[in-house]
Amino acid sequence: MQLDAKIPEGPLSEKWDRRRFENRLVNPANKRKYEILVVGTGLAGASAAATLGELGYNVKAFCIQDSPRRAHSIAAQGGINAAKNYQNDGDSIFRLFYDTIKGGDFRSREANVYRLAQVSNNIIDQCVAQGVPFAREYGGTLANRSFGGAQVSRTFYARGQTGQQLLFGAYSAMMRQVAAGKVTLFPRREMMDLVVIDGKAKGIVCRNLVTGRLERYCGNAVVLATGGYGNTYFLSTNAMASNVTAAWRAYKRGAGFANPSFVQIHPTCIPVHGDYQSKLTLMSESLRNDGRVWVPKNSGETRDPVDIPEEDRDYYLERKYPSFGNLVPRDVASRNAKEVCDQGRGVGETGLAVYLDFRDAITRDGHDVIMRKYGNLFHMYEKITAQDPSCRPMMIYPAVHYTMGGLWVDYNLMSTVPGLFVLGEANFSDHGANRLGASALMQGLADGYFVLPYTICDYLAETGYNMHDTNHDAYTVAEEHVVQHIDALMKNRAAGKKGLQTVDDLHRRLGRILWDHCGMARNRDGLARALALIPELRQEFWDRVTVPGSGQELNQALERAGRVADFMEFAEIMVQDALAREESCGCHLREESQTEEHEALRDDANYAHVAVFEYKGEGKEAALHKEPLVFENVTPTQRSYK
Amino acid sequence: MAAKIISLNLKVWRQNGPDKKGALENYRLENISIDMSFLEMIDVLNEKLTVEGKEPVAFDHDCREGICGMCGAVVDGIAHGPEKETTLCQLHMRHFQDGQTLTIEPFRAKAFPVIKDLVVDRSSLDIIIQAGGFISVNTGSAPDANGIPVPQHKAEQAMDAAACIGCGACVAACPNAAAMLFVSAKISQLALLPQGAPEREKRALSMVQAMDKEGFGNCTNERECEAVCPKGISIRNIARLNREFLRASLLSDEQG
Amino acid sequence: MSWFTQTIKSSLGKKYIMSLTGLMLGGFLLVHAAGNSSIFFGRAAFLSYAGHLHGLGFLLHAAELLLLAIFLVHILTGTILFLGNLGARSSRYAVHNSAGGRSWGSATMPYTGMVIFCFILIHLFNFHFTDHSRTIADIVAEVLARPFYTFIYIVGLSGLGLHVSHGFWSMFQSLGISHPKYDRVIRACAWLVCGLITAVFILIVLLLLVNSNILV
């Protein structure tokens, strides 16, 4: 596997300009001869589909939901970063670049992150023009708030629904292209395989989730914007349908998978409260702007939180990190929550929670001001827990939230399979080992609106617009493969076996293994144990899983089974990656590699690289390749938020 | 304090396909924790049915945090169930009594044909957006974001309307299966912002035309939509839509 | 299609028609109620009002025709909307419930509409298409002295009250007249107008039941 990042020459700030100039172009009249398949319609997919449609390409857009507007980007609450410096507080493109690369613990590419910071400003312009109702000051200018890992206010927001509003912007732009006939929508479709012909990505096989029929689509290029794989852990803040399937099938067709173990555990989620629980709910990180995180000073505290006096509270983030306080990056906040809970100072019924207290903020700013800022989040919390955060502290605990890892892409967002482009959370590119708050929306839209439309052009110009049709053998082979996979999932029930287990049961067990051994803190023994347990569980899955119904209809159990089957395989490279990376960085804390103060200790001499896994065939161990990371403009330092 | 565990009798609409005849079927569920969400309760039912060798109930759901708009069913005659401003996934079982009988039906409207059980086809809402629920600005051609100031209260009102999650509960609850609240929310958002002004008239004309064509009913100001809307979208937006359409019909040069 | 036909054929256009014709019918009701309240002042006052009214001659006939036209448009459009709305939900819910939006008035609009229509027919046959050799005061006194008609009139007028209780506010909403500053005023006016019209008519009916001598 060749890992050529194709980073342009020249100074950092000129690289993107240079690439845009070097790229070949497609004549406007020829654009309509090209067909591009976009899988996924979240921020990255919808913005790419819309922009490609505007440029004149023919786009087919696929999504798993009944409408593209429901992609999980919608759930992002807090905001989107941009280096506008509207607050005049010293922000700049370089500062956003630096914060992001430092936040990622120096495990991302300088050139990619710098480009992200460069186009961040265009994104805000674009979204405002689309009618995204960002929060505003009385004078009518845009409002900003601050977010974890930054000391400037650069986050733009639309109440606690920023992801939703940005997605509606991208969705509406795409719908405009649907009306114009440039984008065709294929909702309720799940990509089941990637079709590669002569080494190039040329099409996909989808399952129509309503009829169960397999469908073939061909194009000149395939764009995956299929999100992250947090649901491997069963419990996460991801939507129920979020999955690794599209990325995993692409991996099996030759796309390298980068840094699969980089999984962000978000510090502010509603704690787990029962076995039946199907997902975890995130409370926006923006709450840490005004909420103070604390636990009782002593373990075994039984008093009600409102009765615990100031001297018996430990505001541990403020104590340990005086300059960033409650606004330390997510990985730091999560690890510290785990640490105090491990010390027996956790609160709530399970002891796996910490308090996030708004008492002081309400005293300082008044109830109304706080409610205006966080009302909808308070409301949401109260709905789930039946407790009012304006009267008593919230209880929060970390939960799996975002995956920095993903399919490996070069500077042009192309994977190791030519013609297969990967955007947004599905790729690995910009967040290194930890993503800062309000950067996921920025990256998804940067990729879709401002990066892919330029870089895909170069590939299309090179390869021309001739296409194979869907009768090509490669489609037949891929489709047969999918049919076999589905049959294998259905066979146990058809054979009338006894002692079968439901998909969710098996998935829950996989999640448990990963959370215990490949969660917030990892060590050699635990990871090795997980590596032994996962293949056993996978075997059990294939022997015991029961899937009701048939493959020729709407069958949600079958959909889940297919996704879990992929999680079962994928989990293995995730653990392998965590095991191979014998350093701590960002989200990835190896207990063997810590500073004296229990902070993540990087090993730049040996691990300043992207770990990329290559599929070597069924039953064979994946090959690990390394893309070295070179830092010419910043010096990797030990992150300090003290 | 009520028991942490309750039992329920469910009557769930089962329908095998769009053209098949459906019927309510009875199920009994024990040991339901009151901290469960309504959808987690259906998960439990489905696990039970699967183990018993029966077909689980098909129902749409995704984010389970009340924002994607994918879930929704009519519980005892009320879309998204009895709690105000709550999607089905955010409705918790603590709002129900031990031994209660609940009837769960799909959203019903001619424009929302049933696909299976509780799953309906809401693509007509997308078609309405395609008719004009956007601002025509190509990527890259936007002016600076602070170039056009927007009064704070206008931005807030626009946000109130933009909060619509497109779940279709308004249609399900409307005695006439009208989609006015949905359409008015989008029209209002874009009419309140200066960015939406250039296409304001065309948008009102085309979106209403598309709405009528999709077979939704007519608004008779019953306010049921507002009462079930999980995002609290006000019928004030419907008044604005009425105003926008009237204005566009009488004064615009545009053809719808 | 011209902009006009396109507008009135749209769902919103039909609502504008309902509101505008409703507004005119409401206006007629106010005038009618004001005129009829001359009954409270006795036979002479009532006959004098009737005399002035008929003195308008041609204008009165024109107004009657206009009223008839407005009325027919209101009924016709209402019927089209009613049937359209029935068709928009092909399968019914097994359990019906309200989340709290509907009022009695709004939920019964088509039905109170039908009640009013029947009532108006009876009303016209009582007072309009009848033997006019006697004075209108005699006819009214005779008809409304009978408890059967009192009942019919009270039912009809209650239907009217219920219809207007929703219709008046609904008219503002349909025409897009809604603003936080004026909502309460509009609501209050709606109740006031509805209450006033219904009260005046019902009082007349009750008065004539207990004391038909007032018109003798």
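The following exchange examines a predicted model and the terms used to describe its chains.

User: What makes strand 16 and strand 19 of chain A edge strands?

Analyst: The open sheet of chain A holds four strands in the order 16-10-18-19, with antiparallel pairing. Strand 16 (406-407) and strand 19 (623-628) each pair on one side only, and they are the edge strands.

User: How do you know that strand 18 and strand 19 of chain A pair?

Analyst: Two strands pair if at least two bridges are found between them. Strand 18 (residues 609-614) and strand 19 of chain A have six bridges, in the antiparallel sense, so the criterion is met. Within this pairing, Ala611(A) stands opposite Lys626(A) of strand 19.

User: Which helix of chain A lies across strand 18, and at what angle does it run?

Analyst: Helix 16 (residues 556-580) of chain A lies across strand 18, and also across strand 10 (257-258) and strand 19. Its direction is at about 145° to strand 18 of chain A.

User: Why are domain 1 and domain 2 of chain B said to be in contact, when their C-alpha centres lie 30 Å apart?

Analyst: Contact is judged residue by residue, because it requires C-beta atoms within 7 Å. The figure of 30 Å refers to the centres of domain 1 and domain 2 of chain B. Twelve residues of domain 1 (5-105) are in contact with eleven residues of domain 2 (123-251). The side of domain 1 that touches domain 2 of chain B comprises five nonpolar, six polar and one charged residues.

User: What makes a residue of chain B count as buried, and what percentage does so?

Analyst: A residue is buried if 20 or more other C-beta atoms lie within 10 Å of its own. Of the 256 residues of chain B, 63% count as buried. The C-alpha atoms of chain B fill a box of roughly 60 × 40 × 35 Å along the principal axes, and the chain has eight helices and seven strands.

User: Which parts of chain C supply its side of the contact with chain B?

Analyst: The contact takes 36 residues from chain C and 39 from chain B. Helix 1 (3-9), helix 2 (11-36), helix 4 (58-87) and helix 8 (147-174) of chain C each supply at least two residues. Helix 2 of chain C gives the most, with five residues. By class, this side of chain C has twelve nonpolar, 20 polar and four charged residues.

User: Why are chain A and chain C said not to touch?

Analyst: Their nearest C-alpha atoms are 19 Å apart, and the two chains do not touch. Of the two pairs of chains that do touch, chains A and B have the most contacts.

Conventions
Residues are numbered from 1 along each chain as its sequence is written. Chains are lettered from A and ligands numbered from 1 in the order in which they are written. This is a predicted model: local features need pLDDT of at least 70, side-chain atom pairs count only at pLDDT 80 or more; totals for chains, interfaces and linings use all residues. Domain bounds come from an automatic or database domain assignment. Ala, Val, Leu, Ile, Met, Phe, Trp, Tyr, Cys and Pro count as nonpolar, Asp, Glu, Lys and Arg as charged, and the others, Gly among them, as polar. Axes are lines fitted to C-alpha atoms, for helices over the stretch in contact, and angles run from 0 to 180 degrees between N-to-C directions. A residue is buried if 20 or more other C-beta atoms lie within 10 Å of its own, exposed if 12 or fewer, and partly exposed in between; C-beta atoms are placed from the backbone.
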